[in-house]
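Open the model in a viewer, with the sequence panel beside it. The tour below goes from selection to selection and says what is found at each stop.

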Amino acid sequence: MVALEIPNRQARWLWLQANGLAQAPTGPVDVMGTIHALGFVQIDTVRNVTRAHHHILWSRNQNYREGMLWPLLEQRNLFEHFTHDASLLPMEVFPLWRRQFQRLGEKAARGAWLQSGLGRAEIENIRKRIEAEGPLSTHAFDSGARGKEMWARPPHKKALDQMWYAGDLATSHRQNFVKFYDLGERIFPTTFSDAEDDAQAIDKLHHSALNRMAMATPGEVQRFWDATSAAEVRDWIAQAELVPLRVQAADGTWRDSWGAPDIEDRLARLAPPGKRLRLLNPFDPAIQDRTRLERLFGFDYRNEMFVPQAKRRWGYYVYPLLEGDRFVGRVELKADRGKGRMQVTGFWPERRVKWGAARLNRLQHELTRFARLAGVTEVQTHALHETGATL
């Protein structure tokens, strides 16, 4: 079959459409519908304005508010586990997840950084306490940690994590983002023995990944759930009925990819995204794969949270700015919720992007909307002036 060619601009539109960023982020809020469309939503503890999971959902519908997410976990519409990072997944994915529990549980048991040093009886006592008392957080157990380093975590926390990765324990709920552990059998709707067999799970994971991405390389299919191997993806592609693609990058080069079976219908219905300026989270699924981001959009972005300050090119927590189908800059923000204030602490326009009054006005409106999500009313924009921009 001759490969279908997708020019770069169409590829950008297709990718934004697949990630729920092409339409106006308004209308009734359907949190479960959004998470189902994305596949999962990554969660993160950092809250310089609002936590990543809230921001990701807000970017798809700006009527979303922070209190809308966690009840869905408590109602068992979602479960928490690892994709490429800690995430909330629709409970319907659980039957496909046995291999991930096994893989990560075994890895956690082997890893030196999770070796608790506790005896089998001590670990079993942790489980028995949860069985008898109900959901418990790590704070319910004695701590022997001597520092904040991963290897200095208290033994009970390492044991809890290993059982959580394996699915023996599960997240019951979170309170002020603190995780409460319960028995997996009390959280999950079915047992592992009732789950899909491994071959079926692999097939469905790959199909659902490509369907959500619309187009992808084999590596991108593998990294979507991060629950299968590169070899398993290659074997699946050899048997699946997919559409071969040639996708143009931002620099004009072409790359072989694969399209979902309905890719031609998607392209026929494709429309340009709105011109709205959007503030995206560093962990947004649309930009999570930095290599793909740079290839499609020519946007060089790195999360520098763990880079020493002196070596950062931009800042600690920097938000990409998407306008239509291109990235026009990045901004660093910091909020003080107690004082009801959010401050722009850094602003970096993209090269060859003019920031006139109209674009700056759109940024101001987006910052005001974002501040409202965090319950903040005052937005300070001094850093914009320092770049020569004016509002």
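Which residue takes a positive phi in the hairpin of β12 and β13? Select G324: its phi is positive and near 65°, and the hairpin has two residues between its strands. Keep in mind throughout that this is a predicted model.

**Stop 1: β12, β13 and β14**

Extend the selection to β12, residues 318–323, which pairs with β13 in the antiparallel sense over six bridges. To check the register, show P320, which stands opposite R330 in β13.

Now select β13 itself, residues 326–336. Eight of the eleven residues in β13 are buried, so this strand is mostly covered. β13 also runs antiparallel to β14, residues 341–349, and eight bridges join the two. Here the pair to display is L333 and V344, the latter in β14, which stand opposite each other. The hairpin of β13 and β14 has four residues between the strands. In that turn, select G340, where phi is positive at about 65°.

**Stop 2: β2, β3 and β4**

Go to residues 78–82, strand β3. Four of its five residues are buried, so β3 is largely enclosed by the rest of the structure. Add β4, residues 86–90, which is antiparallel to β3 and joined to it by five bridges. Between β3 and β4, which form a hairpin, lie three residues. Two bridge pairs mark the register: F82 with A86 of β4, and H81 with S87 of β4.

β4 is mostly covered too, with five of its five residues buried. Next add β2, residues 41–42, which pairs with β4 in the antiparallel sense over two bridges. S87 in β4 appears again here, as the bridge partner of Q42.

**Stop 3: helix α2**

Select residues 31–38 for α2 and show the side chains of V31, T34, I35 and L38, which are buried. These residues cover an arc of only 95° around the axis, so they lie on the same side of α2. Just after α2 comes G39, with a positive phi of about 100°.

**Stop 4: the sheet with β1 and β8 at its edges**

Select β1, β9, β10 and β8, which in that order form an open sheet of four strands with mixed pairing. The edge strands, β1 (4–6) and β8 (215–216), each pair on one side only. Inside the sheet, β9 (residues 243–248) and β10 (residues 254–259) are paired in the antiparallel sense over six bridges. L245 can be shown together with S257 in β10, the residue it stands opposite.

Then add α1, residues 8–18, which packs on this sheet and touches β1, β8 and β9. The direction of α1 makes about 85° with that of β1.

**Stop 5: the nonpolar cores**

Which residues touch the most other members of the largest nonpolar core? Select F79, W97, M215 and W225; the core has 56 residues. Helix α1 gives the most to this core, with six residues.

Centre the view on M215 and show its contacts. Leaving out residues up to four places away in sequence, M215 touches residues including I6, A11, L14 and W15. L245, V247 and W258 are also among the residues that M215 touches.

For the last selection, take L69, W70, V331 and A383. These are among the 46 residues of another core, which lies apart from the largest one.

Notes: Residues numbered from 1 in each chain as written. Predicted model: local features only at pLDDT ≥ 70, side-chain atom pairs only at ≥ 80, totals over all residues. Heavy atoms only, no water. Buried < 20%, exposed > 50% of the residue type's maximum accessible area, 1.4 Å probe, protein only. Arc of directions from axis to C-beta. Pairing = 2+ DSSP bridges. Contact = heavy atoms within 4.5 Å. Axes fitted to C-alpha atoms, helices over the stretch in contact; angles between N-to-C directions. Core = buried A, V, L, I, M, F, W, Y, C linked by side-chain atoms within 4.5 Å.
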